[in-house]
Amino acid sequence: MPEFLKLATPSAALGRWLETIPSPLASRIERIPTPLALGRVLAEAITAQEALPPFSRSTVDGYALRAEDTFGASASAPSYLQLAGEVPMGAAPVLAIGPGQAAVVHTGGAIPAGANAVVMLEDTQQVPGGEIEVFVALGIGRNVITAGEDVQPGERVLEPGLRLRPQEIGGLMALGVTEILVRPRVRLGIISTGDEVVPAEASPGPGQVRDVNTHTLSALALRWGAEPRAHGIIPDDLEALLRTARQALAQDDLVAITAGSSASTRDNTAEVVSRLGDPGVLVHGLAIRPGKPTILGVAGRTPIIGLPGNPVSALVIAGLMIPPAVRKLSGEMRPAVTATVRATLAADVPSEAGREDYIPVRLEATPAGWIADPVFGKSNLIFTLVRADGLIRIPAEATGLTRGSPIDVIPME
């Protein structure tokens with residue numbers, strides 16, 4: 001079987017692919033209810049029409065007062081203030097605070113006129129005659145959130161291209177923005193290939209295996225905010241794969257073909273990608289393990305990725321390559337943040353210089369910190385990843401990592 005003559009580094013391959021992918025999918029912008037917009041990419045700027053909070057509020061249960069009436073107060077020399085009443089929750093204050101006065105307020109309740117601080121209940125004591133003792137000195141603004149402290153009217157609070165998180169949903173609802181314009185979910189077409197592959201619900205016969213990749217890629221697509229669209233299992237037939245790929249190309253924004261990307265006579269993905277439209281195949285072969293035979297291409301305006309058929313290889317490469325493509329297609333502007341876990345390697349891990357290696361590891365918490373224990377297995381063993389909590393990357397210039405090395409683990413959530 002011929003080998004790949006030129007292998008691209010993963011970063012160079014990804015950069016070339018992203019440069020060729022059009023951005024963003026602006027034609028299908030839609031207006032949806034804000035509570036349903038989690039994970040969607042905002043397609044409009046949001047400007048606040050009101051202050052947030054709309055009124056000055058207490059952050060504690062206690063007494064609203066004038067801070068200057070507590071200057072010099074201590075446990076041995078408290079300030080004495082006359083209780084003027086209580087501010088009910090959910091209502092505007094009807095009383096005002098004058099010199100030497102205080103009013104009962106509750107957490108989140110409005111601050112009455114004249115007050116500029118709130119003393120916590122536990123720092124006071126009621127005494128006969130309708131007075132309270134205050135045992136601490138307060139500065140102006142203590143335990144108070146002022147009107148507009150979070151957002152001012154007319155302030156531009158969200159920009160287009162932001163993928164909405166729970167906090168953005170909450171902020172929009174706090175401002176009364178109940179509908180917003182968002183970009184469409186990227187439609188990820190998934191084609192599984194192989195004469196030996198049968199549906200997951202089937203009982204495999206001799207030499208057959210159940211389809212894993214369609215389902216793992218579909219699950220990953222949902223996590224990435226994309227819409228998975230399965231196009232079935234295609235036999236190792238060039239024309240059959242070409243027909244299905246053309247259908248996917250007409251319906252989807254990004255197409256993933258699993259298996260058929262190596263260099264044997266039954267591997268048709270590269271030929272199909274080259275026949276679907278220009279520019280065709282951009283990269284065929286990565287300096288990486290697992291995932292060496294990966295294909296990256298573009299047909300017209302649609303990016304295509306040819307993934308290895310082995311489930312571990314497919315998941316690793318998909319996790320590296322597809323999310324950046326989804327972000328670009330959806331017009332997401334915020335840079336991706338990859339959280340890692342710092343750990344100590346529990347065993348030697350060999351590698352070959354000239355390629356990046358991604359090794360599954362199991363994380364163990366110890367009093368000294370996290371320990372990363374390698375989970376060794378071949379790229380067609382899906383439970384290698386089931387048993388793992390994350391991946392470690394061995395750079396191309398290294399020949400392995402030694403036991404006890406500090407490493408960064410990329411969690412597999």
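Where is Ala336 found? In this predicted model, Ala336 sits in the loop between helix H6 and strand S22 (341–345). With a relative accessibility of 44%, Ala336 counts as partly exposed, because that value falls between the limits for buried, under 20%, and exposed, over 50%. Although Ala336 and Pro324 are twelve residues apart along the chain, their C-alpha atoms are separated by 8.1 Å. The points below turn to an open sheet of six strands, then to pairs of helices, and finally to some backbone details.

**The sheet as a whole**

- The six strands of the open sheet follow the order S16-S13-S17-S21-S20-S18, and their pairing is mixed.
- Strand S16 (227–234) and strand S18 (279–284) are the edge strands, each of which pairs on one side only.
- From one strand to the next, the twist of this sheet averages 20°.
- Helix H5 (residues 269–276) packs on the sheet, where the helix touches S17, S18, strand S20 (295–299) and S21, and the direction of H5 makes about 150° with that of S18.

**How neighbouring strands are joined**

- Strand S17 (residues 254–258) and strand S21 (residues 302–307) run parallel and are joined by four bridges, and within this pairing Ile257 has Gly306 in S21 as its bridge partner.
- S18 and S20 run antiparallel and are joined by five bridges, with Val281 standing opposite Gly297 in S20.
- S20 and S21 also run antiparallel, again with five bridges between them, and here the bridge partner of Val298 is Pro303 in S21.
- S20 and S21 form a hairpin in which two residues lie between the strands, and Gly300 in the turn has a positive phi of about 65°.

**Strand S20 and its surroundings**

- Five of the five residues of S20 are buried, and the strand is therefore largely enclosed by the rest of the structure.
- Ile295, Gly297 and Ala299 point one way from S20, while Leu296 and Val298 point the other way, and all of these residues are buried.

**Helices that pack together**

- Two packed helices are described by the angle between their axes and by the distance between those axes.
- Helix H3 (residues 213–223) and helix H6 (residues 311–329) pack at an angle of about 20°, and their axes are 10 Å apart.
- Because angles under 35 degrees count as roughly parallel, H3 and H6 are roughly parallel to each other, and their crossing is right-handed.
- On the H3 side of this contact are Asn213, Thr216, Leu217 and Leu220, which meet Pro311, Ala314, Leu315 and Ala318 in H6.
- The residues in the contact of H3 with H6 divide into six nonpolar, two polar and no charged.
- Helix H4 (residues 238–251) and H5 cross at roughly 50°, and their axes come within 10 Å.
- H4 and H5 are therefore oblique to each other, and the crossing of these two helices is right-handed.
- H4 contributes Leu238, Glu239, Leu241, Leu242, Ala245, Arg246 and Leu249 to the contact, whereas H5 contributes Thr269, Glu271, Val272, Arg275 and Leu276.
- The residues in the contact of H4 with H5 divide into seven nonpolar, one polar and four charged.

**Backbone details to look for**

- Most residues other than glycine have a negative phi, and most peptide bonds are trans.
- Asn143, although not a glycine, has a positive phi of about 60°, and this residue is placed in the loop between strand S9 (131–134) and strand S10 (144–145).
- Asn143 counts as buried because its relative accessibility is 15%, and buried means under 20%.
- The peptide bond from Asp278 to Pro279 is cis, with omega near 0°, and Pro279 is found in strand S18, one of the edge strands of the sheet.
- The peptide bond from Arg289 to Pro290 is cis as well, with omega near 0°, and Pro290 lies in the loop between strand S19 (288–289) and S20.

Notes: Residues are numbered from 1 along each chain as its sequence is written. This is a predicted model: local features need pLDDT of at least 70, side-chain atom pairs count only at pLDDT 80 or more; totals for chains, interfaces and linings use all residues. Side-chain values use heavy atoms; hydrogens and water are left out. Two strands pair if DSSP finds at least two bridges between them. Axes are lines fitted to C-alpha atoms, for helices over the stretch in contact, and angles run from 0 to 180 degrees between N-to-C directions. Contact means heavy atoms within 4.5 Å. Angles under 35 degrees count as roughly parallel, over 145 as roughly antiparallel, 65 to 115 as roughly perpendicular and the rest as oblique. A crossing is left-handed if the near helix is turned anticlockwise from the far one by less than a right angle, and right-handed if clockwise. Ala, Val, Leu, Ile, Met, Phe, Trp, Tyr, Cys and Pro count as nonpolar, Asp, Glu, Lys and Arg as charged, and the others, Gly among them, as polar. Buried means under 20% relative accessible area, exposed over 50%, partly exposed in between (1.4 Å probe, protein chains only).
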